[in-house]
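Opening the notebook on this one. I want to go through one strand and its partners, then look up a few charged pairs.

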There are 2 protein chains.
Amino acid sequence: MSKIKLGLIGLGTVGGGVFKVLQNFPDVEITKIAVKNIDKPRNIEGLDRAILTTDPYEIVNNPEITVIAELIGGVHPAYELIKKAIENGKHVVTANKELLAKHGEELFNYAEQHNVVILYEAAIAGGIPLIMPIKTILAGNKITKIEAILNGTTNYILTNMDENQASYETVLKEAQELGYAEADPTGDVEGFDSAYKLTTLATITFNKRVKLENVYREGITKIKSEDIKYANELGYKIKLVAYAHIDENDNADVRVHPMFVSKDETLAHINFVKNAIALTGSPVGKITLSGAGAGEMPTASSVVGDILAIEREYGTTDYILPMMRCKHAHNTVAKMIPIDKTENKYYLRIIANDKIGGIADITEHFAERKISIESILMKEIKENNTAEIVIVTDKCKENSIKELKNDFDMHSCVKELASMIRINC
Amino acid sequence: MSKIKLGLIGLGTVGGGVFKVLQNFPDVEITKIAVKNIDKPRNIEGLDRAILTTDPYEIVNNPEITVIAELIGGVHPAYELIKKAIENGKHVVTANKELLAKHGEELFNYAEQHNVVILYEAAIAGGIPLIMPIKTILAGNKITKIEAILNGTTNYILTNMDENQASYETVLKEAQELGYAEADPTGDVEGFDSAYKLTTLATITFNKRVKLENVYREGITKIKSEDIKYANELGYKIKLVAYAHIDENDNADVRVHPMFVSKDETLAHINFVKNAIALTGSPVGKITLSGAGAGEMPTASSVVGDILAIEREYGTTDYILPMMRCKHAHNTVAKMIPIDKTENKYYLRIIANDKIGGIADITEHFAERKISIESILMKEIKENNTAEIVIVTDKCKENSIKELKNDFDMHSCVKELASMIRINC
């Protein structure tokens, strides 16, 4: 078995974890590590400070190094470093979801041209085995649907709101204090992080290039305790779902938004910071993979798995990891279905003036737009003469719901469409 | 990409599925198929009857064939056929859990000697990606615990008993009518099937040879509706769990028996014929993989995944699938902890004579055996002057529970220890 020489770019949370785990694998030599600050105190056993450098180009240009692991995140300078490493014939392992979502196509093609691989298990769902299984043991399948929880912060917030009947604001603050949410939580709570991951996941799963700008995205900031309460009553949990579907004509529907998920689904029971991915395909049916989606050690598991995959095959052949190669399969751009054209079931929470004939008025709007109602609840007469009405629709066009919302705006009996949440079905 | 020539042994449920799926992969040529009865009508599109044979040795001795897929199950003649195929330099894909549990060590060593691989994703948990992920992307981990539902029939029965408050006998009969249980259900309901799968899974996960005869096994036939009712009250579901743990000193505890599983665990929500495997290790933490554990198409997914893994690397190197090889890692036999020496929490359902001081009498026995009680319930006074008492213990030695059972037998206040079920914790 040949020894490989690894250059590590970044020695933060994930980088530190990778360093620790690799101490058990003497066939991988860590030759050089690029850090921001060499003098920063680091609690990493076995670390020889002589291999630290502040110049990551010392790694990507080092002819001795055969594999680089890029663990700094963000688009720049990761993009430039990875391109240079590829040019220099090095295999690349990365945990960089944003970079792959924005420049994956170019980078994968570039790697193909230079006869190296880019592996990225850690970029999507942390420690959960996902990319390599899709590329290897599931290779006989046509996978047509992804339903996933890819962001731990938002799942933590939603689980806490559910278990403690607390408001979004209260739980976010607590999550920030515990370090589960950042001071500026936008990247997580508005769904950007999930959208980055889903862009790459849908691309490699469907073998069609999905572009980040075509991924519809809504966050969780508008979810109210009332919605979670009604979800439970109706047999659902609210989750921020990364959803993707491709039909027989290769039309892809790829989006991130809150969803009602039936309690009969494993996904509904994935709580707190855990992530999960349900894949539906033929012949395998539906499988669900779950576990820690982030964190030092789980993410290190995936980075090290990728590094070892290269190490085990390195030098034994000039054809490394044939199943993990892209072979330009992703270069056909998926035809996208815009959100307005999708069909969904909807949960609608309506605040209405409490008057005789009010429900008739409101449901008349549904009939006009040809939206079939599956169930209706009117539970509380609220203060100031208003009623809260919850309606679950049958499957209908998103566009019809938009029209319905306009109708409501024009008519006085509806004070407000307080919530509109799509139902996973 | 090189074309491989495949010989299929068996064209039943799984074999038929494999044939269908492989129609999408022209790089795999199905050269010959061994069947019991050539003239049997088969609803398989694209099947050329000229490639059928009733003599499987025409496959294992055919010098053109590079890979065989053994899909007949059972020990004989699968054992002889696979040995002959290995001798003749063919790679082997098998779904045969019983054969691997009983002769895995010999066969894997034999394959090593002859420089071929045996792949067996389909032998454990049907379509769920498990073996290949453990060997590849999780290779950086030391996995120390397996908690799994590996048998769909028993999980179907337990889920149905739970959802319909039905007895074991009623549900078994229904399962037999629906084809989910066999006419002689022993292999499933007594845990043999799970034990076969767990034997191989624990071996490859812990990298220590676990022997089938050392796997403790109990089935589900003694589970009563009352136990399921109490489980729910206490926050658990009853599952037939395939459990394995290895400690820092390489002592292994491997067993199959019913368990109380906390509703906080994903495993508790795996219902009907679904399977799931929770793996706990470092650095990955706990991951849970779930999906269809049996059936024509899910199982075909795994068989085809294994075949494609060989096909993709075949001819490009003389070192096929380096991560999937055994490299004698399993040849050290695990030191086993016998069930009596294990520590567990227990659920005990006791039928006692209803008399003043009865509970004091009974709990006194626990104190004598130094078994700490976590909770106690006495809900119904039954007919004929008896009471039903449910006790949940803290962690204690299995042996202490055996002694307690003897104590009960000697004392008149306890009429019967009606149920003893271990609690997963």
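**Strand E10 and its partners**

I started with strand E10 of chain A, residues 251-262, and found it mostly covered, with 11 of its 12 residues buried. Note to self: this is a predicted model.

Next I looked up what E10(A) pairs with. Strand E9 of chain A (residues 236-246) runs antiparallel to E10(A), and 11 bridges hold the pairing. I picked out Ala242(A) there, whose bridge partner in E10(A) is Val256(A).

The two strands, E9(A) and E10(A), form a hairpin with 4 residues between them. I checked the backbone in that hairpin and noted that Asp250(A) has a positive phi near 65 degrees.

Then I went to strand E8 of chain A, residues 216-217, which is parallel to E10(A) and joined to it by 2 bridges. Which residue of E10(A) is the bridge partner of Arg217(A)? It is Val256(A), and I had already written down Val256(A) as the partner of Ala242(A).

Two further strands came up. Strand E13 of chain A (residues 335-336) is joined to E10(A) by 2 bridges in a parallel arrangement. There I found Asn251(A) bridged to Lys335(A) of E13(A). Strand E18 of chain A, residues 414-423, is also parallel to E10(A), with 2 bridges between them. In that pairing I see Phe260(A) opposite Ile423(A) of E18(A).

**Salt bridges**

I switched to charges. The count over all chains is 50 salt bridges, and I looked into three of them, two in chain A and one in chain B.

First entry: Asp193(A) and Lys97(A), whose side chains meet in a salt bridge at 2.8 Å, N to O. Asp193(A) belongs to helix H9 of chain A (residues 192-206) and Lys97(A) to helix H4 of chain A (residues 97-113), so I logged this as a link between distant parts of the chain, 96 residues apart. Buried or exposed, I asked about Asp193(A)? Asp193(A) is buried, at 7% relative accessible area. Lys97(A) is partly exposed at 29% relative accessibility.

Second entry: Lys286(A) with Glu147(A), a salt bridge of 3.3 Å, N to O. Here Lys286(A) sits in strand E12 of chain A (residues 285-292) and Glu147(A) in strand E7 of chain A (residues 142-149), so the pair ties together parts 139 residues apart in sequence. I looked up the accessibility as well: Lys286(A) is partly exposed, with 29% relative accessible area, while Glu147(A) is buried at 3%.

Third entry, now in chain B: the side chains of Arg369(B) and Asp407(B) form a salt bridge of 2.8 Å, N to O. Arg369(B) is in the loop between helix H12 (358-368) and strand E15 (373-382) of chain B, whereas Asp407(B) is in helix H13 (residues 398-410) of that chain, and the two are 38 residues apart. I have Arg369(B) down as partly exposed, with a relative accessible area of 32%. Asp407(B) counts as buried at 10% relative accessibility.

Last, I followed shared partners. Salt bridges join Lys97(A), Asp193(A) and Lys197(A) into one network, which takes me back to the pair in my first entry, Asp193(A) and Lys97(A).

Conventions: Residues numbered from 1 in each chain as written. Chains lettered and ligands numbered in written order. Predicted model: local features only at pLDDT ≥ 70, side-chain atom pairs only at ≥ 80, totals over all residues. Heavy atoms only, no water. Buried < 20%, exposed > 50% of the residue type's maximum accessible area, 1.4 Å probe, protein only. Pairing = 2+ DSSP bridges. Salt bridge = Lys/Arg side-chain N within 4 Å of Asp/Glu carboxyl O.
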